[in-house]
Amino acid sequence: MNVEVRSLIQPVGVMRIVATILTCLSFSLVATVGYVSSSYWAWCMFTWCFCCFFTLLILILEFTTLSTKVPFSWDDFTTAFAMLATLMCLVVSIIYPTFFTCKTCYYEIGATLVSWLCFGVYAGEVVLTRLRPSGQNSGFLSTVPGILKMLETFLACLIFTSLDPDCYSDHPGLQWCVAVYCLCFILAILIMLPTMGQLLSFLPFSFEKLVIIYNIVAVMMYMTAMVVWPLYSFNNGRCANSAWNKLVVVTCMTVVNFIIYTIDTVYSIRLVFCTQDH
C-alpha cells in the first residue's frame, strides 16, 4: 500500500493534525468534569467527537492514498467538512461557556479556550482550501447552493438540540413545526447525497428544477413554523417546564433558517433560469 507523507507535512495536513489534537483535548477536559444532563452539553461533546473523528479519518485516508478511491469528489468533501467543522466549533465555543462555566470552573474554561483554538484552526483550513486555483473547487458542497444546504441542515440540528418533547407532545400546532424541521432536514440530506456521489447524470429528470420546487415548499413550511412556534410555545403551559432560552433558540433558528431557505430559493431560480436565458 502506497503512503503519502506529504499530506501530513503540507500546511493543510499540519492544521488537521493540530485540529485533531485540540478537539480531543476539548472533549477530554469536559469529560474529566463529568456528565451533565443537558442537550446542549451533549451537542458540545458530539461536536468535538465528530470533528476529531472525521479529521483523523481524513488524515488516514490521505496518508494511505485511499482518498483517491472514494466514489465522490474528495476535495469537495474535505472543503465542506472544514466549513462545517468551523461553524460547529464556533457555535459550541459560544454555547459551552454560556451554560457550563463559572469563575472557578478551570477545566470548563480550558475546554472553552481550546475550542476557540479549534475554531481558528478549522477557519484557517477553510481559507487555505478556498485559495486553491480556480476550477479545483468545482464540487456541489463548495458552491453557494451547497454551502446554503449545509447551513440549513446545521441549523436544523441546533433546533433539534433545543426541542423538548414535553412541550410539543400534546399540541398539534407545535407537532407540525417539529414535522417541518424533520422533513426539511431529511430532504436537504437527500439532496446533498446524489450531488456528492456525482449521480446527477443518472437521474431521468432535471435535478436543479426539483431542488427549486423543494426550496419553495420548504420556504412555505418554514414560514408557517416561524409563526406557529412562537405563537403557541410561549403561551403553552406544558412549555413552562422548558428552559426559556431553548424556546428562544428554536424561534431564532427557525427565523434564520427561513431566511436561508429564501436566499437558497432565489439563488437557485436565478442560477437555473437566468443562466438558461443567457
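A salt bridge is a side-chain nitrogen of Lys or Arg within 4 Å of a carboxyl oxygen of Asp or Glu. With that in hand, turn to the close-up views. The model shown is predicted.

**View 1. Glu152 and Lys149 form a salt bridge inside one helix.** Their side chains meet at 3.2 Å, N to O. That is within the 4 Å cut-off, so the pair counts as a salt bridge. Both residues sit in helix α6, which covers residues 144-162. Three residues separate them, about one turn of the helix. Is Glu152 buried or exposed? Glu152 is buried, and Lys149 is too.

**View 2. Lys149 also meets Asp264 in a salt bridge.** Here the N to O distance is 2.4 Å. This pair links distant parts of the chain. Asp264 belongs to helix α10 (residues 244-277), while Lys149 belongs to helix α6. The two are 115 residues apart. Asp264 has a relative accessible area of 1%, so Asp264 is buried. Lys149 also has a relative accessible area of 1%, and therefore counts as buried.

**View 3. Arg16, Glu62 and Glu125 are linked in a network of salt bridges.** One bridge of the network joins Glu125 to Arg16. Their closest N and O atoms are 3.0 Å apart. Glu125 lies in helix α5 (residues 106-130) and Arg16 in helix α2 (residues 11-33), so the pair ties together parts that are 109 residues apart in sequence. Both Glu125 and Arg16 are buried. How many salt bridges does a search of the whole structure find? It finds four.

**View 4. Cys102 and Cys105 are joined by a disulfide.** A disulfide is a covalent bond between the sulfur atoms of two cysteines. In this one, the S to S distance is 2.0 Å. The torsion about the S-S bond of Cys102 and Cys105 is about 90 degrees, so the disulfide is right-handed. The partners differ in cover: Cys102 is partly exposed at 35% relative accessibility, whereas Cys105 is buried at 14%. Cys184 is in no disulfide. The nearest cysteine sulfur to Cys184 belongs to Cys182, 9.6 Å away. Cys184 is buried, with a relative accessible area of 1%. A search of the whole structure finds one disulfide.

**View 5. Five residues form a nonpolar patch on the surface.** They are Leu183, Ile186, Leu187, Leu190 and Leu193. Together they have about 450 Å² of accessible area. Where does Leu193 lie? Leu193 is in helix α8, which covers residues 172-196.

**View 6. Val178 is a buried residue of helix α8.** Its relative accessible area is 11%. Buried means under 20%, so Val178 qualifies. Which residues does Val178 touch, not counting those up to four places away in sequence? Val178 touches Leu163 and Tyr168. Val178 and Pro165 are 13 residues apart in sequence. In space, their C-alpha atoms are 9.8 Å apart.

**View 7. The close-ups belong to a protein chain with ten helices and zero strands.** Of the 278 residues in the chain, 45% are buried. The chain exposes about 14000 Å². Carbon and sulfur atoms supply 73% of that area. Take the contacts with a separation of 6 or more: residues 24 or more positions apart account for 78% of them.

How values were computed
Residues are numbered from 1 along each chain as its sequence is written. This is a predicted model: local features need pLDDT of at least 70, side-chain atom pairs count only at pLDDT 80 or more; totals for chains, interfaces and linings use all residues. Side-chain values use heavy atoms; hydrogens and water are left out. A disulfide is a pair of cysteine sulfur atoms within 2.5 Å. Buried means under 20% relative accessible area, exposed over 50%, partly exposed in between (1.4 Å probe, protein chains only). Patches are made of residues with over 30% relative accessible area and no salt bridge: like charges are joined within 9 Å, nonpolar side chains (Val, Leu, Ile, Met, Phe, Trp, Tyr) within 5 Å. Accessible areas come from the Shrake-Rupley method with a 1.4 Å probe; for residues, only the protein chains shown count as cover. Helices (H or I, at least four residues) and strands (E, at least two) are DSSP runs, numbered from the N terminus. Contact means heavy atoms within 4.5 Å.
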